[in-house]
Structures are given as C-alpha cells and as structure tokens.
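Q: Please go through the terms used for this model. For each one, I would like to see the value and the rule it is held against.

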Amino acid sequence: MNEYDVIVVGGGGAGLAAAVTAAERGAKVLLFESEPELGGSTQLSAGMFTAAGTSVQAGLGVEDSPEKFFQHYMDLNHWMLNPGLVAAFCAQAGPALEWLIGLGVEIPARVSGNAHTPGLCQAGVEDVWRGHVPKDQGYGIVQVLVRAARKLGVEIVPNTRVERLVSANGRAVGVVADDVEVRAGAVVVASGGFARDPGLLARYYPAALRAGEDLFVVAAPGSRGDHLRFGEQVGAAVTGDGWGLLLPTAYFQRLHHWQSGFPPKSRILVNSRGRRFMDEDASYAVSGGIIEAQDGPVWMVFDERARLALPAGYAHWDADVVLREATEGRTIRADSLERLAELIGVPAGTLTATVRRWNDGLPRGEDPEFLRHRTLANKGVTDHPAPIGEPPFYAARTLPAELVCTHAGLEIDARAAVRDERGDVVPGLFAAGEAGAGVLGERYVGGGNAVANAITMGRIAATNAFPQ
Ligand SMILES: Cc1cc2nc3c(=O)[nH]c(=O)nc-3n(C[C@H](O)[C@H](O)[C@H](O)COP(=O)(O)OP(=O)(O)OC[C@H]3O[C@@H](n4cnc5c(N)ncnc54)[C@H](O)[C@@H]3O)c2cc1C
C-alpha cells in the first residue's frame with residue numbers, strides 16, 4: 001500500500017502547480033523541496049506567462065487562439081519540437097493561466113510595456129500579444145500556489161533534497177530523501193534545470209560556457225540538474241540537448257537587470273564590420289541568436305551624454321561604474337569615433353557612417369533599417385533616443401552571458417509522461433518545467449515561455465499522475 005498517491009520533487013512553479021492540481025483531484029500529495037524556501041527560479045522570475053485565448057486578452061479586445069499560438073511556436077522553432085506535445089501545451093496554457101487567476105493571481109486587463117508592469121505585453125516576436133505579467137511577478141504566483149497547497153493539505157517537506165528514484169519492475173514507485181524511502185502511485189519530477197552545474201552545462205549546454213568568465217547565472221540555487229541524474233537511473237531519454245536561454249548583456253553585468261540596471265536608450269550595437277545588424281531592443285526570443293550569429297565581437301556604442309543620463313541606483317548600469325570600467329580600460333573610450341573604431345578594430349569609415357545613419361534615423365523618430373521605433377512604441381516609449389555625438393565615446397563588449405534557464409531534460413510526451421530511450425513511457429514517472437523537456441526549444445518563444453511551461457506542464461503531469 002502506497003503512503004502517497006503522488007510525490008512531487010521540487011517546489012518551484014511546476015512542482016507547486018502539480019501538487020495543487022493533484023490535491024484538487026483528491027490525491028494525497030507529498031512535495032520535497034531541497035532549499036529552505038519554496039519557489040525556485042519561478043519565485044525569482046517576472047512571472048510573465050505566455051498564453052493564448054485568455055480572458056485578459058479578451059478584455060483588451062485581442063483575438064487569439066491556441067491554434068495561432070501553436071503555429072507561431074512551431075514556426076519559430078523550425079518545427080524541431082514534437083508537435084503533439086507543443087499542441088497540448090498551447091491548448092492548455094490558457095486554461096492554466098485562468099486557473100491561476102481563479103486561485104488569486106492578479107493579471108489586470110491593461111496594456112503593459114514591460115515585464116515589470118502587470119498586464120498584457122508583447123512577450124516575444126509574436127503578432128498577437130501573449131505576455132501576461134502578474135501583480136507581484138513570479139513571487140506572486142508562488143505565494144498563491146503555496147497558499148492553495150497548504151489549504152488542500154499537501155505535505156511540504158522543505159530543506160530536503162531527493163537523492164534518487166525508487167523503481168520496481170520498471171515502474172517509478174517512490175523516492176529516497178534523507179536516506180528514507182517513501183512510496184507513491186506516481187512521481188512528478190519538477191526539480192528545475194541545471195544552470196548551476198558546470199559539468200552538466202559542458203555536457204548539455206556548452207554554448208553557455210562560450211561566454212567564458214563573462215558568464216553569470218541568475219537561475220535559482222537548486223538548479224543542479226538532479227532530473228538528469230534521476231533520468232539515468234531509469235533509462236529516460238534526454239531531449240532539448242544544446243538549448244537554453246542566455247540573455248545578451250554588457251560584459252560587466254553580473255546580475256539580472258532588476259539590479260544591474262538598463263543600458264542607455266541611446267545606444268547602438270555594431271559588429272566587427274562596424275555595422276548595426278539588429279534592433280537593439282529586439283525581444284530576447286531572438287536577440288541572443290542574432291548576436292551569436294555575428295562574426296567576431298559585438299560592441300555597444302554610446303556617448304558621454306548617454307552615460308551621464310543613466311539613472312542612479314543600479315549596480316552596473318550606472319554612470320560611475322561605466323566611468324570606472326573605461327578608466328581601467330575594460331570599456332573602450334575615445335575622444336573621436338575614428339579613434340574608437342581603431343581601438344575596437346572596426347573600419348573607421350564604416351563606424352562613422354553607421355553613427356551618422358543612426359543620428360539621421362531614430363533620434364528623428366524612425367529607424368527604417370531595423371524598425372526599432374516599432375519595438376519602442378510597443379514598450380510604451382514615446383520620446384526619441386538622443387543622437388550619438390558627444391565625446392568621449394564608449395564601446396562595451398556585448399554578448400549572451402546571462403544564463404536564465406536550461407532546456408535539456410527528461411523527454412516527455414503530451415501527457416507529461418517520461419519516455420525511455422526506446423520511446424516507451426516509463427510507468428509512474430512524470431516530469432514538468434525545466435526538468436521535463438520538449439516544450440522549451442532552441443528559440444525561446446518570448447518572455448513567459450518558461451513560466452507557462454512550468455505551470456501548464458505541471459498541471460498536465462498531475463492530471464495524468466492521478467487520473468482519478
Ligand atoms: C531572474 C529570472 C527571471 C525570469 N523571468 C521569467 C519570466 O518572466 N517568464 C518566464 O517564462 N520565465 C522566466 N524565467 C525562467 C523561469 O522562471 C523558469 O524557467 C521556470 O520558473 C522554472 O520552473 P521550474 O518549476 O521548472 O523550476 P524552479 O522554479 O527552479 O523549481 C525547481 C525547484 O526544485 C528544487 N529542487 C531541485 N532539485 C531538487 C531535489 N533533488 N529535491 C527536491 N527539490 C529539488 C529547486 O530548489 C527549486 O525550488 C526567469 C528566470 C529567472 C532566474
């Protein structure tokens with residue numbers, strides 16, 4: 001006789017969503033969390049949630065459907081994901097969001113310009129806005145789920161890292177934690193990603209290590225990749241190999257932008273040819289990939305006026321920090337654009353022409369080449385950036401170096417059931433969030449992709465782990 005119906009490993013977004021859903025269905029649920037506090041990366045996140053056909057969209061007159069979401073999702077990922085799984089995710093993300101709202105998560109039906117203002121914003125490069133930003137962000141989602149879990153009688157064991165799975169006759173029947181074996185009808189692995197394990201990064205996401213000493217990890221401390229170790233135990237297949245989310249940053253940033261601050265609005269990115277090559281405000285659904293595709297280093301170029309206009313109070317994007325970086329020679333500084341070009345090794349004539357075109361473009365209201373005015377308008381920015389013209393000029397190396405989440409995990413199907421190397425289901429084993437792979441692809445579909453994945457697939461996992 002099992003002690004529990006469902007054991008959930010991990011108390012972040014996916015684990016809490018799974019635990020609450022199973023408990024709502026009448027299951028006896030035990031949840032282990034390795035850290036003293038629940039929440040994982042979900043708690044640290046903006047909580048932005050990508051979903052289609054929601055009441056929030058309807059409240060703003062936005063017409064959308066899971067089918068449109070699916071088409072966009074698959075196209076952006078070059079159809080390299082399992083369509084059955086992605087279709088289930090796209091169909092259930094909206095209902096999962098409504099479920100959160102029903103539990104008490106507040107998402108007002110108003111336009112939001114960014115991931116910090118509750119409402120609906122442009123999550124990625126989608127034609128229809130799908131980024132739902134909750135009040136109190138990821139913290140708000142976690143608090144609502146913890147409250148629901150406690151009310152429903154979920155047994156929560158913090159500070160306890162699950163060591164391994166227990167299986168019998170090929171079926172997952174429980175876990176071992178603190179050397180104690182506990183059995184259940186089904187196990188849901190929701191232990192997050194592996195951003196904090198350098199060995200697993202080298203194996204499953206080596207692109208992150210290309211950032212070298214500029215790499216910094218913002219994912220939660222519990223992101224140690226235990227799901228991959230559990231998977232080895234039962235012969236689970238791994239998918240999503242090589243994929244994750246690295247945000248572009250200047251080399252001197254070391255914290256998420258809430259603390260690091262934001263680069264000057266009046267800035268351009270140039271490649272080793274001295275040319276602009278992208279909308280500098282492009283969504284991180286695509287910006288990391290565009291920067292990666294350049295030959296050689298990418299430089300953020302701005303001037304003294306932009307440096308002095310940086311607002312005080314942030315750890316890295318601060319006028320004094322930039323000055324210090326320049327004085328110590330890590331940010332390149334020069335009294336003319338020609339000299340700056342020489343120092344960063346790009347053709348001087350091209351850089352000056354690039355800056356001239358910039359000054360003739362967006363500071364006057366339009367960026368005909370890269371359409372940055374459209375992106376800024378969607379963010380609610382109405383004033384134009386200043387021209388670049390006041391010496392000294394600065395160039396800061398910019399690269400994808402902020403590691404947010406990892407996508408390689410246990411292969412799951414549309415029921416969030418874990419598959420083995422042969423493609424067969426591992427009975428009794430489910431996975432969700434970063435631990436359960438297949439929804440998060442090569443291209444991050446936009447802010448909200450990962451939280452939506454965690455909550456939606458957590459719910460799907462619980463529904464199938466405890467079918468009633
Ligand atoms: C700063 C930041 C901002 C972000 N903003 C957004 C955003 O706005 N929108 C978006 O979509 N995505 C965002 N992301 C990504 C997103 O938050 C995560 O991908 C997602 O929340 C992961 O959910 P999860 O449940 O899989 O993992 P987590 O939330 O990390 O939860 C996993 C939990 O499992 C625990 N655990 C690990 N191993 C064990 C074990 N062996 N035993 C027991 N417990 C274990 C961990 O401690 C952790 O609490 C952001 C991430 C960060 C770091």
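Q: What makes the approach of Ala 450 to the ligand a polar contact?
A: A backbone N or O atom of Ala 450 is 2.9 Å from an oxygen atom of the ligand. A polar contact is a pair of N or O atoms within 3.5 Å (within protein, one atom must be able to donate a hydrogen and the other to accept it, and residues adjacent in sequence count only if both atoms are side-chain atoms), so this pair qualifies. Two side chains also meet the limit: an N or O atom of Thr 42 is 2.6 Å from a ligand oxygen, and one of Tyr 444 is 3.1 Å from a ligand nitrogen.

Q: How much of the ligand does the protein cover?
A: On its own the ligand has 1000 Å² of accessible area, and the protein covers 98% of it. Such areas come from the Shrake-Rupley method with a 1.4 Å probe; for residues, only the protein chains shown count as cover.

Q: What do these values rest on?
A: The model is predicted, so local features need pLDDT of at least 70 and side-chain atom pairs count only at pLDDT 80 or more, while totals for chains, interfaces and linings use all residues. Residues are numbered from 1 along each chain as its sequence is written, and side-chain values use heavy atoms, with hydrogens and water left out.

Q: Which residues come nearest to the ligand, and what makes a residue count as near?
A: A residue is near if one of its heavy atoms lies within 4 Å of the molecule or strand in question. There are 41 residues around the ligand, and Glu 33, Thr 42, Asp 226, Glu 434 and Val 451 come nearest. Elements that each supply at least two shell residues include helix H1 (13-24), strand E16 (393-406) and helix H17 (449-465). Helices (H or I, at least four residues) and strands (E, at least two) are DSSP runs, numbered from the N terminus.

Q: Why is the pair of Phe 262 and Tyr 314 called edge-to-face?
A: By the ring rule there are 11 aromatic pairs. In this one the centres are 6.1 Å apart and the planes meet at 90°. Rings of Phe, Tyr and Trp (its six-membered ring) pair if their centres lie within 6.5 Å, and planes under 30 degrees apart count as stacked, over 60 as edge-to-face and the rest as tilted, so the name follows. Phe 262 lies in the loop between helix H10 (257-260) and strand E13 (268-270), and Tyr 314 in the loop between helix H12 (304-308) and helix H13 (319-327), so the pair ties together parts 52 residues apart in sequence.

Q: Why is the pair of Tyr 284 and Tyr 444 called tilted?
A: The planes are 35° apart, with 6.0 Å from centre to centre. That angle falls in neither the stacked nor the edge-to-face range, so tilted is what remains. The two residues are 160 apart: Tyr 284 is in the loop between E13 and helix H11 (287-292), and Tyr 444 in the loop between E20 and H17.

Q: Of these two tyrosines, how do you know which is buried and which is partly exposed?
A: Buried means under 20% relative accessible area, exposed over 50%, and partly exposed in between (1.4 Å probe, protein chains only). Tyr 444, at 7%, is therefore buried, whereas Tyr 284, at 31%, is partly exposed.

Q: What makes strand E8 (residues 171-177) largely enclosed?
A: Of its 7 residues, 6 are buried, so the rest of the structure largely encloses E8.

Q: How do you know that E8 pairs with strand E7 (residues 162-168)?
A: Two strands pair if DSSP finds at least two bridges between them. E7 and E8 run antiparallel and are joined by 6 bridges, with Ser 167 opposite Ala 172. The two form a hairpin with 2 residues between them, and Asn 169 in the turn has a positive phi of about 50°. On to strand E9 (residues 180-189), E8 has 4 bridges, again antiparallel.

Q: Why are strand E3 (49-50) and strand E4 (119-121) at the edges of their sheet?
A: The open sheet has 3 strands in the order E3-E5-E4, with antiparallel pairing. E3 and E4 each have a single partner strand, so one side of each lacks a neighbour in the sheet.
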